[in-house]
Amino acid sequence: MFFLCINKLVRLQFEMYRRKTKPDNILHFADYCQEYAYVMRMLGNCRCEVYCFDGIKRLAHIRGKMKNTVWVNALDYVLVGLREFQDEKCDIIHKYSDEEVRSLKCYNELPQMADTLQKTEEECNFDFDDI
């Protein structure tokens with residue numbers, strides 16, 4: 001009897017988790033006071049340095065709803081909300097997947113500068129023949 005109650009509880013928790021992380025198929029476009037950006041590096045404490053496509057580097061803050069559900073990494077494309085009272089800071093609203101980035105490029109929403117910021121790994125400068 002006790003095992004059945006725990007099994008139902010685990011199943012209910014899984015269903016709640018699945019409902020919460022269900023992906024939406026809506027493509028988010030930039031509105032007023034929003035800008036597309038590229039994450040340059042993570043700074044810690046839910047902050048990162050982003051390069052907005054209006055040509056300004058800003059300090060971005062990951063909003064609370066996204067903290068534990070969406071993992072923002074360096075080299076990701078995001079949608080940021082600009083602050084009216086602080087031009088050098090912004091808030092990350094949405095993280096784009098690779099498929100969504102391709103769709104935005106097809107709609108010409110991302111500028112041509114986005115093509116030069118491709119995800120490339122740094123080359124290894126070690127020569128193992130010397131060892």
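**View 1. Cysteine 33 sits in the loop between helix 1 (2-20) and strand 1.** Helices (H or I, at least four residues) and strands (E, at least two) are DSSP runs, numbered from the N terminus. This is a predicted model, in which local features need pLDDT of at least 70 and side-chain atom pairs count only at pLDDT 80 or more, while totals for chains, interfaces and linings use all residues. Residues are numbered from 1 along each chain as its sequence is written, and side-chain values use heavy atoms, with hydrogens and water left out. Cysteine 33 is not a glycine, yet its phi is positive, at about 65°. Most residues other than glycine have a negative phi. With 26% relative accessibility, cysteine 33 counts as partly exposed. Here buried means under 20% relative accessible area, exposed means over 50%, and partly exposed lies in between (1.4 Å probe, protein chains only).

**View 2. The whole protein has three helices and five strands.** Starting at the N terminus, follow the elements in the order α-β-β-β-β-β-α-α. The protein has 131 residues, and 24% of them count as buried. Its accessible surface comes to about 10,300 Å², with 54% belonging to carbon and sulfur atoms. Such areas come from the Shrake-Rupley method with a 1.4 Å probe, and for residues only the protein chains shown count as cover. Among contacts with a separation of 6 or more, 53% are between residues 24 or more positions apart. A contact means heavy atoms within 4.5 Å.

**View 3. Five strands form a closed barrel.** Trace the barrel in the order 1-2-3-5-4, with mixed pairing. Two strands pair if DSSP finds at least two bridges between them. Strands of a sheet pair through backbone hydrogen bonds, either parallel or antiparallel. On average, neighbouring strands of this sheet are turned by 50° against each other, direction ignored. For such angles, axes are lines fitted to C-alpha atoms (for helices, over the stretch in contact), and angles run from 0 to 180 degrees between N-to-C directions.

**View 4. Strand 1 pairs with strand 2 and with strand 4.** Both pairings are easy to explore from tyrosine 38, which stands opposite tyrosine 51 in strand 2 and opposite tyrosine 77 in strand 4. Strands 1 and 2 are antiparallel, over six bridges. Strands 1 and 4 are antiparallel too, over five bridges. In the hairpin of strand 1 and strand 2, two residues lie between the strands, and asparagine 45 takes a positive phi near 60°. Cysteine 46 is also in the loop between strand 1 and strand 2. Although cysteine 46 is not a glycine, its phi is positive, at about 60°. Its relative accessibility is 27%, so cysteine 46 counts as partly exposed.

**View 5. Cysteine 52 and cysteine 90 do not form a bond.** Why is there no bond between these two cysteines? Their sulfurs are 4.8 Å apart, which is too far. A disulfide is a pair of cysteine sulfur atoms within 2.5 Å, and the structure holds zero disulfides. Cysteine 52 is buried at 0% relative accessibility, and cysteine 90 is buried at 1%. Cysteine 90 is the bridge partner, in strand 5, of leucine 82. Strand 4 and strand 5 pair in the antiparallel sense over five bridges.

**View 6. The largest nonpolar core gathers 13 residues.** A nonpolar core is a set of buried Ala, Val, Leu, Ile, Met, Phe, Trp, Tyr and Cys residues joined through side-chain atoms within 4.5 Å. In soluble globular proteins, nonpolar side chains tend to be buried together. Val50, Val72, Val78, Val80 and Ile92 touch the most other members of this core. At least two core residues come from each of strand 1 (34-44), strand 2 (47-52), strand 3 (57-62), strand 4 (77-82) and strand 5 (89-95). Strand 2 gives the largest share, three residues. Apart from this core lies another, of ten residues, including Tyr36, Leu79, Val101 and Leu104.

**View 7. Methionine 66 lies in the loop between strand 3 and strand 4.** Is methionine 66 buried or exposed? Methionine 66 is buried, with a relative accessible area of 6%. Leaving out residues up to four places away in sequence, methionine 66 touches Val72, Ile92, Ile93, His94 and Lys95. Methionine 66 and lysine 95 are 29 residues apart in sequence, and their C-alpha atoms are 9.2 Å apart in space. With the same residues left out, valine 78 touches a list of residues including Val72, Ile92, His94 and Lys95.
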